[in-house]
Amino acid sequence: MHEMAVCLGIIQIVEEEVRHRSLSRVRSICLEIGALSHVAPDAIRFCFAVVATRTIAEGAALEILELPGIAWCMSCSSTVEIARRGDACPCCGSYQLQVTGGEQMRVKELEID
């Protein structure tokens, strides 16, 4: 389960930011997770609760914004939403899609004291 490693990375980012700003508490963490990022939001929620225990992020609210997969169709020149790689263009049915968004996973915001 690579989500556990992802959550450990999130905790490292949070701890570095808290140290950098000399703060003491994390109230909430907002993540953006793209549909094509190969990261399962439900697994992140579960793993984060475990990984945050006894860290500066313990008790912090975790908000996850799920972003759609976006692709450009080479056949019909449309920008379309896709749920996963290998999907057909919903406009013309072509499989000649170039992914342009939805692969990211990032810490968008931290609310800290």
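## Serine 37 and its surroundings

Serine 37 sits in the loop between E1 and H2 of this predicted model. Its relative accessibility is 13%, so serine 37 counts as buried, the cut-off being under 20%. The side chain of serine 37 comes to 2.8 Å from the backbone oxygen of glycine 34. When residues up to four places away in sequence are set aside, serine 37 touches Gly102, Glu103 and Gln104.

## Strand E1 and its two partners

Strand E1 (26–34) is mostly covered, with eight of its nine residues buried. E1 pairs with E6 in the antiparallel sense, over seven bridges. In this pairing leucine 31 stands opposite valine 107 of E6.

E1 also pairs with strand E2 (residues 61–67), here in the parallel sense and over seven bridges. Isoleucine 33 has glutamate 66, in E2, as its bridge partner. Between these two strands the chain passes through H2, and the resulting β-α-β crossover from E1 to E2 is right-handed.

## Helix H1

Helix H1 covers residues 2–21. At 1.5 Å a residue, its 20 residues should span 28 Å; the C-alpha atoms at its ends are 29 Å apart, which agrees with that expectation.

Which residues of H1 are buried? They are Glu3, Val6, Cys7, Ile10, Ile11, Val14 and Val18. Viewed down the helix axis, the buried residues of H1 fall within an arc of 145°, so they line one face of the helix. The spacing fits a general rule: an α-helix has 3.6 residues a turn, so residues three or four places apart point the same way. Ala5, Arg19 and His20, on the other side of H1, are exposed. The buried residues of H1 pack against E1, H2 and strand E6 (105–112). E1 is thus in contact with H1 and paired with both E6 and E2.

## Helix H2 and alanine 43

Helix H2 comprises residues 41–51, and alanine 43 belongs to it. Is alanine 43 buried or exposed? With a relative accessible area of 17%, alanine 43 is buried, because the limit is under 20%. H2 is one of the elements that the buried residues of H1 pack against, and H2 also lies on the crossover path from E1 to E2.

Alanine 43 and leucine 97 are separated by 54 residues in sequence. In space, their C-alpha atoms are 28 Å apart.

## Residues with positive phi

Most residues other than glycine have a negative phi. Three residues with positive values are described here. Serine 22, just after H1, takes a positive phi of about 55°.

Arginine 54 has a positive phi near 60° and lies in the loop between H2 and E2. The relative accessible area of arginine 54 is 78%, so this residue is exposed, the cut-off being over 50%.

Serine 77 likewise has a positive phi, near 60°. Serine 77 is in the loop that runs between strand E3 (69–73) and strand E4 (79–82).

Methods:
Residues numbered from 1 in each chain as written. Predicted model: local features only at pLDDT ≥ 70, side-chain atom pairs only at ≥ 80, totals over all residues. Heavy atoms only, no water. Helix = DSSP H or I, 4+ residues; strand = E, 2+ residues; numbered from the N terminus. Buried < 20%, exposed > 50% of the residue type's maximum accessible area, 1.4 Å probe, protein only. Expected span 1.5 Å × (residues − 1). Arc of directions from axis to C-beta. Contact = heavy atoms within 4.5 Å. Polar contact = N/O pair within 3.5 Å; in protein donor to acceptor, adjacent residues only side chain to side chain. Pairing = 2+ DSSP bridges. Right-handed = clockwise from strand over helix to strand, strands pointing away.
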